[in-house]
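The following questions and answers introduce the structure shown below. Each answer reasons toward the value or name requested.

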Amino acid sequence: MTKKKVFIIAGTVAVVAVLAGLVLPKILNGGKEELVAEAPPVVTAQKPEIRTIEINNELIGTIEPDSIVHVTPLGSGEVTNVAVKTGDTVTAGQLLCVIDTKQVESTRIAMETAKITYGDARKNLDRLTVLHAAGDVADADYQNTVGQVEMARLQYENAKIAYNIQLESSQVTAPISGKVESFNISLHDMISPQTSICVISGDGGKSLTFYVSERIISGLKAGDVIRVEKNGTDHEATITEVSTMVDSGSGLFKVKASVPSGDSLATGTSVKLYVTAQKAENVLTVPVDSVYYEAGNPFIYTYLNGTLKKNAVTIGLANNEFAEVQSGIGADDQVVTTWTSELYDGSKVTLAETAAETETTQENGSEVETSASAQ
């Protein structure tokens with residue numbers, strides 16, 4: 001029984017100590033107890049905005065002339081004269097080089113021979129025509145002579161065509177006006193129809209060739225304007241061709257664009273270009289940082305009368321700044337754009353602008369109270 005009494009006394013002392021701990025602060029504070037409520041978190045909010053969202057990609061392209069011709073000879077032979085060099089500007093029909101085909105002279109002789117034969121046949125026909133009219137030449141003989149003259153004419157025409165072909169083969173001329181980008185032969189070289197003599201780029205602007213993936217090609221079409229950059233200088237280009245077939249070498253789609261102001265861009269050089277791969281025009285958007293995810297599902301907090309609401313949303317196109325909201329909120333909702341760990345569906349919050357107004361009011365009230373006390 002003694003041990004039990006001691007335990008009760010000890011417990012009583014402990015209870016008294018606890019009660020004393022609760023009562024003493026009241027006594028020390030004059031019997032007053034001040035309870036301070038924790039203030040709700042302050043957030044900022046804004047309405048969604050209608051805007052256009054674009055996803056841009058930086059690519060590399062190659063500058064080419066708008067028109068370009070690879071010149072090859074029609075015949076084989078030795079180069080006996082070179083009339084131009086790389087970098088020269090030429091006009092259509094200007095001589096580029098001369099080739100000794102070893103057949104020009106023989107075809108010329110054949111042509112001259114056929115011409116003489118044809119001339120002699122014509123003279124003989126003129127003589128027989130007079131005799132035939134006088135009745136001194138039989139009709140059969142006269143008609144035979146007429147046939148021989150026609151045969152001589154055809155042989156001469158064929159010989160002349162052969163000569164012109166050989167002459168054209170020996171004298172290579174520029175098919176278009178422009179700049180000689182490269183000249184690949186020298187004097188006394190032996191060349192054939194498989195030899196590339198030179199490359200001529202036509203007069204006018206430059207073109208741009210680049211390759212894109214299937215994801216990007218869907219957002220490009222002829223007429224789209226793109227930005228081209230070289231050595232810090234921007235040029236404007238317009239897409240002219242969009243291939244619908246994958247290039248076998250790169251596995252990508254080939255795209256061509258015209259660069260009217262690209263005269264300063266050297267043929268064959270690489271440039272940076274920027275294309276709009278995806279675009280959503282005039283859509284409802286929110287700052288991308290205001291979109292949160294839970295188990296992969298997007299949601300947005302909105303503010304109404306001091307309370308947060310968690311809204312499941314459908315997100316469309318998004319870039320580094322804004323995200324398209326396809327459903328879940330409206331244009332008049334106040335989207336919360338700040339984040340703290342205290343946010344949850346139904347939590348009480350204070351708008352930053354409301355908090356600022358309250359603080360200003362309290363400061364003004366303190367100033368009035370202090371002024372009254374001083375009086």
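Q: Leaving aside its neighbours within four places in sequence, with which residues is Leu-220 in contact?
A: The model examined here is predicted. Contact requires heavy atoms within 4.5 Å. With neighbours within four places in sequence left aside, the partners of Leu-220 are Phe-210, Val-212, Ile-239, Val-242, Val-255, Val-275 and Thr-276.

Q: How many residues does the largest nonpolar core have?
A: Leu-220 is one of the residues with the most contacts inside this core, and Leu-208, Phe-210, Ile-226 and Leu-273 are also among them. Several elements each supply at least two residues, including strand 3 (49–65), helix 4 (214–217) and strand 14 (233–246). The number of residues in the largest nonpolar core is 21.

Q: How many residues does the other core have?
A: This core lies apart from the largest one. Among its members are Val-71, Val-84, Val-180 and Ile-200. Its number of residues is 16.

Q: Which strand gives the most to the lining of the largest pocket?
A: The largest pocket holds about 180 Å³ of space and is lined by 15 residues. Gly-219, Asp-224, Val-225, Thr-276 and Lys-279 lie nearest its centre. The elements giving two or more residues to the lining are strand 13 and strand 16. With 6 residues, the element that gives the most is strand 16.

Q: Which strands are the edge strands of the open sheet in the order 8-7-5-10?
A: This sheet consists of 4 strands with antiparallel pairing. An edge strand pairs on one side only. The edge strands are therefore those at the two ends of the order, given that pairing rests on at least two bridges between strands: strand 8 (171–173) and strand 10 (190–191).

Q: What angle does the direction of helix 3 make with that of strand 8?
A: Helix 3 (residues 139–170) packs on this sheet and touches strand 7 and strand 8. The angle between the direction of helix 3 and that of strand 8 is about 65°.

Q: Which residue stands opposite Asn-81 in strand 7?
A: Strand 5 (residues 77–82) and strand 7 (residues 95–100) run antiparallel and are joined by 4 bridges. Opposite Asn-81, in strand 7, stands Val-98.

Q: Why is one side of strand 4 and of strand 6 left without a neighbour in the sheet?
A: These strands belong to an open sheet of 4 strands in the order 4-11-9-6. Strand 4 (68–71) and strand 6 (89–90) stand at its edges, so each has a single partner strand.

Q: Which residue in strand 11 is the bridge partner of Ser-182?
A: Strand 9 (residues 178–183) and strand 11 (residues 198–202) run antiparallel, joined by 5 bridges. In strand 11, the bridge partner of Ser-182 is Val-199.

Methods
Residues are numbered from 1 along each chain as its sequence is written. This is a predicted model: local features need pLDDT of at least 70, side-chain atom pairs count only at pLDDT 80 or more; totals for chains, interfaces and linings use all residues. Side-chain values use heavy atoms; hydrogens and water are left out. Axes are lines fitted to C-alpha atoms, for helices over the stretch in contact, and angles run from 0 to 180 degrees between N-to-C directions. A nonpolar core is a set of buried Ala, Val, Leu, Ile, Met, Phe, Trp, Tyr and Cys residues joined through side-chain atoms within 4.5 Å. Buried means under 20% relative accessible area, exposed over 50%, partly exposed in between (1.4 Å probe, protein chains only). On a 1 Å grid over the protein atoms alone, a cavity is a set of points where a 1.4 Å probe fits but cannot get out, and a pocket is an open set with protein on both sides within 12 Å along at least five of seven lines; lining residues have an atom within 4 Å of a point. Grid points are joined across faces, edges and corners, and a volume is the space filled by probe spheres set on the points.
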